[in-house]
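Biologist: I'm new to this one, so could you walk me through it a piece at a time?
Modeller: Sure, have a look at it first and then ask away.

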Amino acid sequence: MTERDTSRVSPPGRRVVLAEVRDRAIEVAECAAAVDDPAAGAVVTFGGVVRNHDGGRSVTEIEYVGHPTAGQLVAEVAADVAARFPVDAVAVVHRVGTLGVGDVALAAAVSAAHRAEAFEATAELVEEIKRRLPVWKRQVFPDGSHEWTGSA
């Protein structure tokens, strides 16, 4: 936004409160709780969930394998979004390892004074993570075959 927000009594916090890659279950609610801020009038969350299909084929599970720098890159993307958007707090976690259908692979939350700012920042956060994260995905199909694809 180019106009100054006159409704605020203090500038946006622009804090990164959680940014990591982990090998255990993640929940969107954890990210939402992490971005809690009394100045925020909006909290937007995103949950990227393993679905049971891709490209017209059934999928039974997915394995994510991350480069050793994946956690650092997640933190960089979160910091960039926090710096570029008038948000109060940003949280994002990507999971690695074997995930089943319905498991959360990417959880994110952004708090901001207004919904438009929170939606815009969350969309940018997710797109940048998907575009830049050095994580590879192995999809397993019901017949036991699998395929690897680049990045999350």
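**Helices, sheet and core**

Modeller: Let's start with two helices: H2 passes H3 in a right-handed crossing. Keep in mind that this is a predicted model.

Biologist: Are H2 and H3 roughly parallel or antiparallel to each other?
Modeller: Their axes lie 10 Å apart, and the helices pack at an angle of about 150 degrees. Angles over 145 degrees count as roughly antiparallel. So H2 and H3 come out as roughly antiparallel.

Biologist: Which residues of H3 make the contact with H2?
Modeller: From the H2 side come Leu73, Val74, Glu76, Val77, Ala78, Val81 and Arg84. Facing them on H3 are Ala121, Glu124, Leu125, Glu128, Ile129 and Arg132.

Biologist: What about the open sheet: which strands stand at its edges?
Modeller: The sheet has 4 strands with mixed pairing, in the order S1-S6-S8-S2. An edge strand here has a single partner, so one side of it is left without a neighbour in the sheet. That applies to S1 (15-22) and S2 (42-49).

Biologist: Which residue in S8 is the bridge partner of Phe46?
Modeller: S2 pairs with S8 (residues 104-112) over 8 bridges, in the antiparallel sense. Within S8, the partner of Phe46 is Ala108.

Biologist: Which strands of the sheet does H3 touch?
Modeller: H3 packs on the sheet, and its direction makes about 150 degrees with that of S8. The strands H3 touches are S2, S6 and S8.

Biologist: And which strands does H2 lie across?
Modeller: H2 covers residues 70-84 and runs at about 155 degrees to S1. The strands under H2 are S1 and S6 (87-95).

Biologist: Is Glu117 buried or exposed?
Modeller: Glu117 sits in helix H3, which spans residues 115-132. Its relative accessible area is 4%, and anything under 20% counts as buried. So Glu117 is buried.

Biologist: How far apart are the C-alpha atoms of Glu117 and Ala42?
Modeller: Along the chain these two are 75 residues apart. In space, the C-alpha atoms of Glu117 and Ala42 are separated by 8.6 Å.

Biologist: Which element gives the most to the largest nonpolar core?
Modeller: That core has 32 residues, and Tyr64, Val87 and Leu125 are among those with the most contacts inside it. S2, S5 (61-66), H2, S6, S8 and H3 each supply at least two of its residues. The top contributor, with 7 residues, is H2.

Biologist: How many residues are in the second, separate core?
Modeller: Its members include Cys31, Ala89, Val104 and Ala107. The count for this second core is 10 residues.

Biologist: Which residue of S9 stands opposite Tyr64?
Modeller: Tyr64's strand, S5, is joined to S9 (residues 135-140) by 6 bridges, and the two run antiparallel. Opposite Tyr64 in S9 stands Lys137.

Biologist: Then which residue in S10 is the bridge partner of Lys137?
Modeller: S9 and S10 (residues 146-149) are joined by 4 bridges and run antiparallel. In S10, Lys137 is partnered by Thr149.

Biologist: Last one: which residue takes a positive phi in the hairpin of S9 and S10?
Modeller: There are 5 residues between the two strands of that hairpin. The one with a positive phi, near 95 degrees, is Gly144.

Notes:
Residues numbered from 1 in each chain as written. Predicted model: local features only at pLDDT ≥ 70, side-chain atom pairs only at ≥ 80, totals over all residues. Heavy atoms only, no water. Buried < 20%, exposed > 50% of the residue type's maximum accessible area, 1.4 Å probe, protein only. Pairing = 2+ DSSP bridges. Contact = heavy atoms within 4.5 Å. Axes fitted to C-alpha atoms, helices over the stretch in contact; angles between N-to-C directions. Core = buried A, V, L, I, M, F, W, Y, C linked by side-chain atoms within 4.5 Å. Parallel < 35°, antiparallel > 145°, perpendicular 65-115°, else oblique. Left-handed = near helix turned anticlockwise from the far one by under 90°.
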